[in-house]
Every structure is written in structure tokens, then in C-alpha cells.
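Hi,

Here is the structure I promised to pass on. Have a look at it first, and then read my notes below on what turned up.

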Amino acid sequence: MKSGYNELVIEYFRNPKNVGRIEDADGKATEGSPACGDMVSVYIKVDKESNVIEDIKFESYGCASNIATASIVTELAKGKTIEEAKKISWKDASDALGGLPPIKVHCSVLAVEGLHAAIEDYEEKHGLIKEKVETTADIVKKKLRHIMNPSLGIDIISSDIVKEISVEKGKVEIVISIADNHQFAKNIEDEIKEKMNALWDIEKVSVKFVG
């Protein structure tokens with residue numbers, strides 16, 4: 001039975017490049033969720049002097065296209081500057097693989113979004129955002145979509161455990177509807193604080209559990 005994938009996609013699926021995790025990553029991000037069928041996490045190490053991505057790895061959950069496109073995206077980004085890597089598009093990934101079945105194009109989009117989100121995470125942590133936009137509840141919500149609810153395997157927004165987001169004068173308060181002694185409460189709180197503290201105008205982060 002034909003898979004619809006060309007030989008290059010199959011090769012990258014069977015022998016993906018840059019698979020793994022960078023524990024001390026300068027930037028990291030997760031896009032998608034296993035509940036939706038595909039998820040990609042991207043980790044980058046950046047040379048601070050040249051702004052070149054000197055190492056990049058990914059972890060993937062999903063189909064052959066997901067794994068192949070994440071692999072090719074990391075190859076396209078490695079050795080490029082942050083600004084150059086920002087310009088990598090889903091079409092670049094698809095073209096580098098010799099094309100993808102139309103129904104699988106979203107996989108290349110997911111991988112590229114993971115790369116761009118990891119770059120954004122790096123820039124926020126290192127104060128490199130050129131256009132500083134005041135943090136709003138919508139911006140906080142967008143950041144929270146990158147934090148997983150390990151109990152369900154989807155992000156904490158999609159899993160509907162974020163009940164309230166408040167942003168006022170440099171302070172963020174987030175209410176989570178699980179017990180404070182839940183096995184994953186501390187992990188979720190630590191990830192929330194890491195994401196929020198990277199925002200340039202946030203000075204205090206409060207996470208309340210109300211399970």
C-alpha cells in the first residue's frame with residue numbers, strides 16, 4: 001500500500017536528525033498536543049556573541065510527516081542566526097522534503113511554529129524583543145498554551161484548568177483548578193513562572209490552586 005510520502009520524507013522519518021532534548025536550552029517551546037494527534041517540542045542553544053543557533057533538537061509525537069518536518073526544520077535552522085531562522089517557513093520545510101501530501105501540510109506548519117516559538121522564548125529571556133508590547137491577559141493566555149497538563153497530555157488552556165488570568169501593574173495572577181497538592185501542581189507552577197518572568201514588564205507572578 002502506498003503511503004503518499006516520497007522517499008526523502010520516509011528517510012527522514014526512519015532516520016531523523018537532531019532528535020532529543022537540550023536540558024539547559026536557551027530557548028524552548030512546544031506546539032500542538034498528542035490529543036490532537038501531533039506535538040513538537042523544539043530546544044535551541046544560541047551563541048550569545050554571534051546570535052547563531054549552534055545546537056537545536058526536537059522531540060516529536062505524531063505521524064511520519066511530523067517527525068520528518070521537525071527533523072528538516074532543525075537542519076535548516078542549525079548554523080543560522082536568529083534573524084535568519086525566523087524567516088524559515090512551512091513552505092521551506094515542505095520544499096526541502098520534496099513536498100508533502102496536502103493533508104499533511106499542517107505538520108510542517110507545526111514544526112516551524114515550534115522553531116519560531118523557541119526563538120521567541122530565547123529573545124524574551126535575554127531581553128532581545130525589539131518591539132516591547134505591554135503584557136495583556138491575551139498574551140499571558142498565549143504563553144500558557146505552551147505549558148502542558150501532564151494529566152491529559154494537552155496544554156493547560158485546552159484542558160480548561162486555567163480559570164482566571166489577571167494582569168495589573170506588572171503583576172500576573174493565574175488561578176488553576178487543581179489541588180495544590182496535586183502531583184503535577186508544582187511542575188505547572190514552575191513552568192508558569194518561568195514563562196511569565198521572561199516577560200519584560202512582569203515583576204511578580206502568583207499562581208493559585210483552587211481544586
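**The sheet and what packs around it**

Let's start with the sheet: in this predicted model, three strands line up in the order S6-S7-S8 to make an open sheet with mixed pairing. S6 and S8 sit at the edges, each pairing on one side only. From one strand to the next, the twist averages 10 degrees.

The "mixed" part is easy to follow if you take the two pairings in turn. Strand S6 (residues 162–168) and strand S7 (residues 171–176) run antiparallel and are joined by six bridges. If you want to find that pairing on screen, look for Ser 166, whose bridge partner in S7 is Glu 173. Another pair to click on is Val 167, which has Val 172 as its bridge partner in S7.

The other pairing goes the opposite way about: S7 and strand S8 (residues 204–209) are parallel, over six bridges. There, Ile 176 stands opposite Phe 209 of S8. To get from S7 to S8, the chain passes through helix H7 (residues 185–197), and this β-α-β crossover is right-handed.

Two helices belong in this part of the picture. H7 packs on the sheet, where it touches S7 and S8, and its direction makes about 155 degrees with that of S8. Helix H6 (residues 137–144) lies across S6 and S7, and runs at about 135 degrees to S6.

**Two backbone spots to check**

Which residue in the hairpin of S6 and S7 takes a positive phi? That would be Lys 169: the hairpin has two residues between its strands, and Lys 169 has a phi near 50 degrees. Lys 169 is not a glycine, and its place is in the loop between S6 and S7. I flag this because most residues other than glycine have a negative phi.

Asp 160 is another case, with a positive phi of about 60 degrees although it is not a glycine either. You will find Asp 160 in the loop between strand S5 (154–155) and S6.

**A pair of helices elsewhere in the chain**

Now for helix H1 (residues 7–14) and helix H2 (residues 64–77). They pack at an angle of about 85 degrees, and their axes are 8 Å apart. That angle is why H1 counts as roughly perpendicular to H2. On the H1 side, the contact is made by Val 9, Tyr 12 and Phe 13. H2 brings Ala 64, Ile 67, Ala 68, Ser 71, Ile 72 and Glu 75 to the contact. Sorted by class, the residues in the contact of H1 with H2 are seven nonpolar, one polar and one charged.

**The chain as a whole**

Zooming out, the chain has seven helices and eight strands. Its radius of gyration is 18 Å, close to the 17 Å that the globule rule gives for 211 residues, so the chain is as compact as a globular protein of that length. If you'd like dimensions, the C-alpha trace spans about 50 × 45 × 25 Å along its principal axes.

Cheers

Note on methods: Residues are numbered from 1 along each chain as its sequence is written. This is a predicted model: local features need pLDDT of at least 70, side-chain atom pairs count only at pLDDT 80 or more; totals for chains, interfaces and linings use all residues. Side-chain values use heavy atoms; hydrogens and water are left out. Two strands pair if DSSP finds at least two bridges between them. Helices (H or I, at least four residues) and strands (E, at least two) are DSSP runs, numbered from the N terminus. A crossover is right-handed if, with the strands pointing away from the viewer, the path from the first strand over the helix to the second runs clockwise. Axes are lines fitted to C-alpha atoms, for helices over the stretch in contact, and angles run from 0 to 180 degrees between N-to-C directions. Angles under 35 degrees count as roughly parallel, over 145 as roughly antiparallel, 65 to 115 as roughly perpendicular and the rest as oblique. Contact means heavy atoms within 4.5 Å. Ala, Val, Leu, Ile, Met, Phe, Trp, Tyr, Cys and Pro count as nonpolar, Asp, Glu, Lys and Arg as charged, and the others, Gly among them, as polar. The radius of gyration is taken over C-alpha atoms; the globule rule is 2.2 Å times the number of residues to the power 0.38.
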